[in-house]
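Please open the model in your viewer with the backbone drawn as a cartoon, and keep the selection panel at hand. The stops below go from the whole chain to single residues.

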Amino acid sequence: MLPQDLHIHTTFSKTDSAILPQQTVEMVAFAKHAKIVGISDHFEMFMPDEFEIYQQEVRKHNLLLGTEVNGHASVNLALQHDFDYYIYHCWGDEPADYSALKALKEKGKPVIVAHPYAVNTDLNKIDEGSLVEINNRYIWRYNWQKELAPYINKFRWIFSSDAHQPNWLNQTIARRVGEELGVNEHIIF
Ligand SMILES: [Zn+2]
Ligand SMILES: [Zn+2]
């Protein structure tokens, strides 16, 4: 069993085309592929109307309640709800995303900087000690030696699946990359 997986999507990420109807919260709870499991559906796809339903469904299955926030535009609304943690897109060419990251962190809940290589995050602008992700869905598409190796000692690293389908509930390639880079995994909960 994996130690931790906090980046997982379900049918609450309604307009995400990679989601299959079978990828329910119940299915993820059934798979129980990690000791610590959190659901992190896309904030913009179920909020604000369905927060209560989402919360109830995730809590009913004893999973952690997270959400994935696509940059600064959603941060104020995200701060008004009780999530256990946040997955955050810090877009490389958007200065407002870096200041919104600081605001989100001030809430006192863990904030994981999602797949920096996929949204061109400038890791020089991210504070030392931040939680940064090695993401099984994206990492293999990038030159991780060049893009991540210089920052290995700067951040605390989180492995995640970014699963959108039951058969994506693994971190195989992310963990191999972590091993090659000599990353120490950080367990949040
Ligand atoms: Zn993402
Ligand atoms: Zn995601």
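**A tour from fold to core**

Colour the cartoon from the N terminus on, and follow the elements of the protein chain in the order β-α-β-α-α-β-α-β-α-β-β-α-β-α; this is a predicted model, with seven helices and seven strands in the protein chain. Before zooming in, take in the whole: the C-alpha atoms fill a box of roughly 40 × 35 × 30 Å along the principal axes, and the radius of gyration of 15 Å agrees with the value near 16 Å that a compact globule of 189 residues would have. Of these 189 residues, 41% count as buried, and among contacts between residues at least 6 apart in sequence, 68% join residues at least 24 apart.

Next, select the strands. Seven of them form an open sheet in the order β1-β2-β3-β4-β5-β6-β7, with parallel pairing. At its edges you will find β1 (2-5) and β7 (156-160), each of which pairs on one side only. As you rotate the view, note that neighbouring strands of this sheet are turned by 30° against each other on average, direction ignored.

Within the sheet, select β5 (111-113) together with β6 (residues 131-135); the two run parallel and are joined by two bridges. Display Val113 and look across to β6, where its bridge partner is Val132.

Now turn to helix α5 (residues 95-105), whose buried residues are Asp97, Ala100, Leu101 and Leu104. If you look down the axis of α5, these buried residues fall within an arc of 115°, and they therefore line one face of the helix. Which exposed residues does the face of α5 turned away from its buried side carry? Select Pro95, Ser99 and Lys102 to see them. What covers the buried residues of α5 includes α4 (75-79), β4 and β5.

For the last stop, move to the largest nonpolar core, which has 43 residues, and show Tyr86, Tyr88 and Ile112, the members that touch the most others. The largest share of this core, four residues, comes from strand β4 (residues 85-88). In soluble globular proteins, nonpolar side chains tend to be buried together.

Finally, centre the view on Ile112 and display its contacts: leaving aside neighbours within four places in sequence, these are Leu6, Tyr85, Ile87, Tyr88, Leu131, Glu133 and Ile158.

Conventions: Residues numbered from 1 in each chain as written. Chains lettered and ligands numbered in written order. Predicted model: local features only at pLDDT ≥ 70, side-chain atom pairs only at ≥ 80, totals over all residues. Core = buried A, V, L, I, M, F, W, Y, C linked by C-beta atoms within 7 Å. Buried ≥ 20, exposed ≤ 12 C-beta atoms within 10 Å, placed from the backbone. Contact = placed C-beta atoms within 7 Å. Rg over C-alpha atoms; globule rule 2.2 N^0.38 Å. Arc of directions from axis to C-beta. Pairing = 2+ DSSP bridges. Axes fitted to C-alpha atoms, helices over the stretch in contact; angles between N-to-C directions.
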